Amino acid sequence: MRTVFHEQLDTLNEGVADLCERTAAMMQLATDALLHADLDASETVIGRLDDVDRQCAALEADTFTLLARQAPVASDLRAVLSGMRSVADLQRMGALAAHVARITRRRHPEIAVPGEVCGYFAEMGRIAFQLAQDTRYVVLEGDPDMAARLNVDDEAMDNIHQRLFVVVMSPEWSHGTTAAVDVTLLSRYYERFADHAVEIAHSVVYRSTGARRD
């Protein structure tokens with residue numbers, strides 16, 4: 001019975017890792033679409049959200065079945081519950097990438113962000129992609145040291161988010177209210193994407209030790 005349980009848990013873990021890769025690719029493509037006003041790329045990202053949602057729903061259903069049939073306790077229960085939380089985080093990450101793509105689509109054929117902040121979003125896209133990929137590694141390898149190191153990139157993302165807020169609130173901002181709202185929303189989407197990725201990585205530590213990060 002325990003062998004079956006751990007096989008099912010491995011399947012859940014592999015599903016979470018696959019979703020990390022999928023959402024990383026979505027945010028990378030969404031960033032490319034944003035910076036180049038690429039309508040086809042933005043439509044592709046939006047279309048991929050349905051696949052992510054279906055995979056998340058399937059994993060959630062499997063997890064509820066696992067809880068009902070195996071009644072795990074202690075570390076096994078932590079593993080299942082952290083997996084469930086990770087699926088929810090990944091579903092949100094997919095939605096955030098789609099939000100970026102929708103703003104690109106809404107402003108097409110214009111680029112949704114002024115040229116002076118494009119560099120910020122290129123860097124946010126790079127960090128988001130790397131965080132999701134590193135989180136995939138943590139999920140598969142159970143590496144708590146890597147999970148801790150993800151905080152560095154998360155802080156870098158937070159710093160860019162804060163700098164962009166200062167930029168759009170500056171008296172020198174000359175691009176109007178609509179652009180300011182778009183930049184603020186987009187920055188928030190990237191910042192939240194990073195937060196969800198880091199939360200998944202740290203759930204590996206919780207699963208293994210029962211200790212939550214500060």
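Which helix does Ser 75 lie in? I'll come back to that in point 7, after a quick tour of the rest.

1. **What we're looking at.** Bear in mind that this is a predicted model. The fold is easy to summarise: the protein has 6 helices and 0 strands, and walking along the sequence you get α-α-α-α-α-α. The radius of gyration is 19 Å, close to the 17 Å that the globule rule gives for 214 residues, so the protein is as compact as a globular protein of that length. If you prefer a box, the C-alpha atoms fill one of roughly 65 × 35 × 20 Å along the principal axes.

2. **Burial, contacts and surface.** Of the 214 residues, 46% count as buried. Take the contacts with a separation of 6 or more: 82% of them are between residues 24 or more positions apart. On the outside, the accessible surface comes to about 10300 Å², and carbon and sulfur atoms own 51% of that. As for charge, there are 21 positive and 33 negative side chains, and the centres of those two sets lie 5 Å apart.

3. **The core.** In soluble globular proteins, nonpolar side chains tend to be buried together. Here the largest nonpolar core has 66 residues, and Phe 121 and Tyr 190 touch the most other members. Each helix chips in at least two residues: α1 (2–36), α2 (39–70), α3 (74–107), α4 (115–141), α5 (144–169) and α6 (176–209). Phe 121 is a good place to start clicking around. Leaving out residues up to four places away in sequence, Phe 121 touches Thr 31, Leu 34, Leu 35, Val 113, Leu 164, Val 183, Leu 186, Ser 187 and Tyr 190.

4. **Three stops on α1.** Val 16 sits in helix α1 and is buried, with a relative accessible area of 3%. Beyond its neighbours within four places in sequence, Val 16 is in contact with Leu 59, Gly 83, Ser 86, Val 87, Leu 90, Val 139 and Ile 200. Leu 29 is also found in helix α1, but counts as partly exposed at 22% relative accessibility. With the neighbours within four places again set aside, the contacts of Leu 29 are Ala 41, Thr 44, Val 45 and Arg 48. Glu 7 has its place in helix α1 too; at 48% relative accessibility, Glu 7 counts as partly exposed.

5. **An acidic group worth a look.** Asp 195 is found in helix α6. Is Asp 195 buried or exposed? At 19% relative accessibility Asp 195 counts as buried, because the cut-off is under 20%. What does Asp 195 touch, not counting residues up to four places away in sequence? The answer is Asp 154 and Asp 158, so I'd have that trio on screen when you go through α6.

6. **Backbone oddities.** Two spots in the loops deserve a glance. His 108 and Pro 109 are joined by a cis peptide bond, with omega at about 15 degrees, and Pro 109 is found in the loop between α3 and α4. The other spot is Ala 37, which has a positive phi of about 50 degrees although it is not a glycine. Ala 37 lies in the loop between α1 and α2 and counts as buried, at 11% relative accessibility.

7. **Sequence distance versus space.** Back to the opening question: Ser 75 lies in helix α3, and at 36% relative accessibility Ser 75 counts as partly exposed. Ser 75 and Tyr 206 are 131 residues apart along the chain, yet their C-alpha atoms are separated by 9.2 Å. Now try some other pairs. Val 16 and Glu 172 are 156 residues apart along the chain, with 44 Å between their C-alpha atoms. For Leu 29 and Met 146, the figures are 117 residues in sequence and 25 Å in space, C-alpha to C-alpha. Glu 7 and Ala 97 are 90 residues apart in sequence and 31 Å apart in space, again C-alpha to C-alpha.

How values were computed: Residues are numbered from 1 along each chain as its sequence is written. This is a predicted model: local features need pLDDT of at least 70, side-chain atom pairs count only at pLDDT 80 or more; totals for chains, interfaces and linings use all residues. Side-chain values use heavy atoms; hydrogens and water are left out. Helices (H or I, at least four residues) and strands (E, at least two) are DSSP runs, numbered from the N terminus. The radius of gyration is taken over C-alpha atoms; the globule rule is 2.2 Å times the number of residues to the power 0.38. Buried means under 20% relative accessible area, exposed over 50%, partly exposed in between (1.4 Å probe, protein chains only). Contact means heavy atoms within 4.5 Å. Accessible areas come from the Shrake-Rupley method with a 1.4 Å probe; for residues, only the protein chains shown count as cover. Lys and Arg count as positive and Asp and Glu as negative; His and the chain ends are not counted. The place of a charge is taken as NZ of Lys, CZ of Arg, CG of Asp or CD of Glu. A nonpolar core is a set of buried Ala, Val, Leu, Ile, Met, Phe, Trp, Tyr and Cys residues joined through side-chain atoms within 4.5 Å.
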